[in-house]
Amino acid sequence: MFYFEGMRRFPRYSGFLLISFLLLGANVFAQTKYFELVYNDPNDTIASDWYSSIVEDVEDNSYLGLRWTFSNLGSRCYIDRIHPDSSIDYFTSIGIPGIGIAGYRLLKNHKKLIVLSRNTDFAYQRYFIGLYEVGKFGGITDHSIYDSTKSLTGVNIEFTHDNGYIIAGTTEYADSLNRKQEVLLIKLDSNLHVEWRREIGLPASHYYTYSVSQLNDGSYVASGSILEFDDFNWYMIRVDQQGNILWDNIIRSFGRDMCYANTATKDGGFVVAGSKQ
């Protein structure tokens, strides 16, 4: 059985989990659509057990779900079409020999379906950003973003006001002293071509960026967590439409504070969400 976003498959307790989920989310179900997604081969230990991203396909009265499989040979993305009666059809897949592909995010506008993935180049032991445009009948155009000296990981992609896209993630590289992770922001035009790319960080710090939003004035806010002295703290950074820093802020406390999401608000501000331990 499949569960949405982070609920893993526990065959023995599926009934208990489903009942608990129904009770806790009764008020949510009144406003949202829910599907019980059945996986046909419970003995297949290679398939991933959740959809990392789901979008609605209004034209076809269905949903499209992004998942990925993994094995000793690498990983591969799959997009399934989920119908209102809970039946599932294979739509398309993305796989490259020698490359591990882990699908993170699915976006859909009027004509394009966009897949963002974290790709592993096993030959060079380096990550790069997988970016794919999927046609109406499953044809795939590759727009992936590489760097010959650094690992690039795109975690989130969102639409921008100019019909383009903004990617948030992390860049990682090693200097003479240690390994560094920095904030990575990439602005794309409507054809998925790079307009600008920014890498931002403090010396000897480790940034992990999870979310980005565009505000009413056109600027962008990225948020995530920074590792400092064995503690994780929230950080936020705001850049203008060209990627120049307007301000940044670190909210420090003792413990493991993870900032996972942000979204713009109607009054021109934004809201962030995460966890505290």
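This is a walk through one protein chain, from its overall make-up to a hairpin, a loop and several aromatic rings. Please keep in mind that the model is predicted.

Let us begin with the whole chain. It holds two helices and 20 strands. Of its 277 residues, 46% count as buried. The accessible surface comes to about 15,000 Å², and carbon and sulfur atoms make up 54% of that area. As for contacts with a separation of 6 or more, 43% of them are between residues 24 or more positions apart.

A good place to look next is the pair of strands E19 and E20. Strand E19 covers residues 258-264 and strand E20 covers residues 270-275; the two run antiparallel and are joined by six bridges. To find one of these on screen, start at Cys-259, whose bridge partner in E20 is Gly-274. Five residues lie between the strands of this hairpin, and Gly-268 has a positive phi there, near 95 degrees.

Stay with E19 for a moment, since Thr-263 lies in this strand. Is Thr-263 buried, exposed or partly exposed? Its relative accessible area is 45%, so Thr-263 counts as partly exposed, given that the partly exposed class runs from 20% to 50%. Leaving out residues up to four places away in sequence, Thr-263 touches Ser-213, Phe-270 and Val-271. Ser-213 is 50 residues from Thr-263 in sequence, yet their C-alpha atoms are 5.6 Å apart in space.

Now move to the loop between strand E10 (140-142) and strand E11 (151-159), where you will find Asp-147. With a relative accessible area of 17%, Asp-147 falls under the 20% limit and is therefore buried. What lies around the side chain of Asp-147? One of its polar atoms is 2.8 Å from the backbone nitrogen of Thr-149, and the backbone nitrogen of Lys-150 is 3.1 Å from a polar atom of the same Asp-147 side chain. Beyond neighbours within four places in sequence, Asp-147 is in contact with Arg-126, Leu-152 and Arg-197.

The aromatic rings deserve a tour of their own. Eight aromatic pairs turn up in a search of the whole structure. Phe-159 and Tyr-165 form one that is tilted, with 5.5 Å from centre to centre and 40 degrees between the planes. The angle is neither under 30 degrees nor over 60, which means the pair is classed as tilted rather than stacked or edge-to-face. Its two members sit in separate accessibility classes: Phe-159 is partly exposed at 35% relative accessibility, whereas Tyr-165 is buried at 1%.

Another of the pairs is made by Tyr-207 and Tyr-235, which meet edge-to-face at 5.1 Å centre to centre, with 85 degrees between the planes. This pair links distant parts of the chain: Tyr-207 belongs to strand E15 (residues 206-214) and Tyr-235 to strand E17 (residues 231-239), 28 residues apart. Both tyrosines, Tyr-207 and Tyr-235, are buried.

Finally, look at two places where an arginine meets a ring. The charged end of Arg-67 sits over the ring of Tyr-78, at 5.0 Å from the ring centre. In the other case, Arg-81 has its charged end over the ring of Phe-91, 5.2 Å from the centre of that ring.

Note on methods
Residues numbered from 1 in each chain as written. Predicted model: local features only at pLDDT ≥ 70, side-chain atom pairs only at ≥ 80, totals over all residues. Heavy atoms only, no water. Pairing = 2+ DSSP bridges. Helix = DSSP H or I, 4+ residues; strand = E, 2+ residues; numbered from the N terminus. Buried < 20%, exposed > 50% of the residue type's maximum accessible area, 1.4 Å probe, protein only. Polar contact = N/O pair within 3.5 Å; in protein donor to acceptor, adjacent residues only side chain to side chain. Contact = heavy atoms within 4.5 Å. Areas by Shrake-Rupley, 256 points an atom, 1.4 Å probe, with all protein chains shown as cover. Phe/Tyr/Trp six-rings, centres within 6.5 Å; stacked < 30°, edge-to-face > 60°. Lys NZ or Arg CZ within 6 Å of the ring centre and 35° of its normal.
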